[in-house]
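Biologist: Hi! Could you walk me through the pockets and a helix in this one?
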Amino acid sequence: MSSSLFALEYLLFTPATPKNDAIPLIFAFPNEYTVGITSLGYQIVWSTLTMRDDLEVSRLFTDIRETLPRQAEILGFSVSWELDYVNILNLLESLNIPIRAHQRQHNHPIVFGGGPVLTANPEPFAEFFDVILLGDGENLLGNFIDAYKEVRNADRKTQLIALAQVPGIYIPSLYQVEYHSSDGAIKSIQPISSTIPAVVQKQTYRGNTLSASTVVTEKAAWENIFMVEVVRSCPEMCRFCLASYLTLPFRTASLEGSLIPAIERGLQVTNRLGLLGASVTQHPEFHELLDYINQPKYDDVRLSIASVRTNTVTLELAQTLAKRDTKSLTIAVESGSEKVRRIINKKLEQEDIIQAAINAKSGGLSGLKLYGMVGIPGEEESDLDATVAMMKVIKKAAPGLRLTLGCSSFVPKAHTPFQWYGVNKQAEKRLQFLQKQLKPQGIDFRPESYNWSIIQALISRGDRRISKLLELTRSFGDSLGSYKRAFKELKGQLPDLNFYVYDQWSDEQILPWHHLQAALPQSTLLKHLGEAQSLMKSSSELILN
Ligand code: SF4
């Protein structure tokens, strides 16, 4: 079955013919083929590697694989979902590679990982990888392979020390973490020698040609989709948002030099186009892009847009989407409370939200999904009433439009101003409250699992002691109960679940990612946090008065 799936791929690049001494490399996605091949990041890294004649690349998914080399020198993983770590460990075992980096010998491949999960906080996975690539792959990936070639025949330790000199390459085993006690907070994180950089800087690509699909296949999760990255990062800087803070600055693909040529290439082989990015409609030439897609020659093109800022839902956008087979649109509003939106820096007025719904309806869309969050720092119960009231107003303003409120619980993310806050223990109750209030109004309420938020928070604020917890949990199952059981078994060896998930951390505390520098320094994050906290303070003073 495997080869038949690969045979259905249409490649938009030309793979190189590997030279005789090419490095055997396996590039894996730790999930099924359908999921992996729909990841633009996976496609790009795979094609970049495959276009080099000094590499012989084979792909590996959990369900299918290309013919693998007998002795791979490098094994890479693209990680875009936290819980895929289970599949990473399973794949390592199936290849007879020790799952812990320190147990690997010279005859084992160098195991590297990259992607959004590892760039945000690699520490819970630190023990499983020899090398972690932090940030944009554009230059980093080539620099990694070039540096490896220089030390290809050296011993493993020499290889790792040499790779650690490359900006953006993080070798977890070359950093020593000390704790105040075995179940206490971190005391210090230091490189093991003065030749290793004390801080690894996440890499940022600054060109104006962004990514586009290199493979189109009917087996992708969105059949035959051709994906184009329109923007990278988001300039809005909502204070909880990883998609913005981790990847700043906001970058846009050039319309003439990048987007149009890519779309022309892709639409020769398919009629399904996906525009990707955290904030697609904020591209400065988004109107021109829409006009370009609206040409008669693209009349049969089906268009999907990843994310739309609420105040950019114009009538024209809704009409274009409706004509292109999109029935509904998702906008992130986070909360119906103006106070909460101000705390998180969401620059959005209630009128913008109502207008978006009116435009969506008049443009011919049949549904609007709003995305919200509960348990945001500073949120009080009255703020939930505001969310309920807002949904009622929208329903009245756009009758007949199918309304959905998807809702998650706030999860702290590394490198954001809210990284010091824990999950709000009231979040589960608040989700239930919204459910109870909205259902009788005919508004579809779709809460994200609260337990899943807890697991996400654990991984997002975990340090490297979590590696052994993850390894143990794998044998218990993937429920929150399995994590709790693993915490019990490891009691004394690491802090408890509350510490990672619920506690508000002091800004004096050494963070697990202290030695990994993202877009903004801690002092700037603290300044943004301070602004949010003064808004929280002034709103509670208003209530008291
Ligand atoms: S608008 Fe959306 S993507 Fe942008 S910072 Fe806010 S939540 Fe993140």
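Modeller: Happy to! For residue classes, Ala, Val, Leu, Ile, Met, Phe, Trp, Tyr, Cys and Pro count as nonpolar, Asp, Glu, Lys and Arg as charged, and the others, Gly among them, as polar. This is a predicted model, where local features need pLDDT of at least 70, side-chain atom pairs count only at pLDDT 80 or more, and totals for chains, interfaces and linings use all residues. Residues are numbered from 1 along each chain as its sequence is written, and side-chain values use heavy atoms, with hydrogens and water left out.

Biologist: Great. What classes make up the lining of the second largest pocket?
Modeller: Eight nonpolar, two polar and six charged residues. On a 1 Å grid over the protein atoms alone, a pocket is an open set of points with protein on both sides within 12 Å along at least five of seven lines, and lining residues have an atom within 4 Å of a point.

Biologist: Which residues are closest to its centre?
Modeller: Of the 16 that line this pocket, A101, H102, D130, L160 and S173. Helix α7 (residues 156-163) gives the most to the lining, three residues; helices here are DSSP runs (H or I, at least four residues), numbered from the N terminus.

Biologist: New topic: which residues of helix α9 are buried?
Modeller: In α9 (residues 255-266), L255, S258, L259, I260, A262, I263 and G266 are buried, meaning under 20% relative accessible area (1.4 Å probe, protein chains only).

Biologist: And why are they on the same side of α9?
Modeller: Because they cover an arc of only 165° around the axis, taken from the directions from the helix axis to the C-beta atoms.

Definitions and conventions:
1 Å grid on protein atoms, 1.4 Å probe; cavity = no way out; pocket = protein on both sides within 12 Å on 5 of 7 lines; lining within 4 Å. Helix = DSSP H or I, 4+ residues; strand = E, 2+ residues; numbered from the N terminus. Buried < 20%, exposed > 50% of the residue type's maximum accessible area, 1.4 Å probe, protein only.
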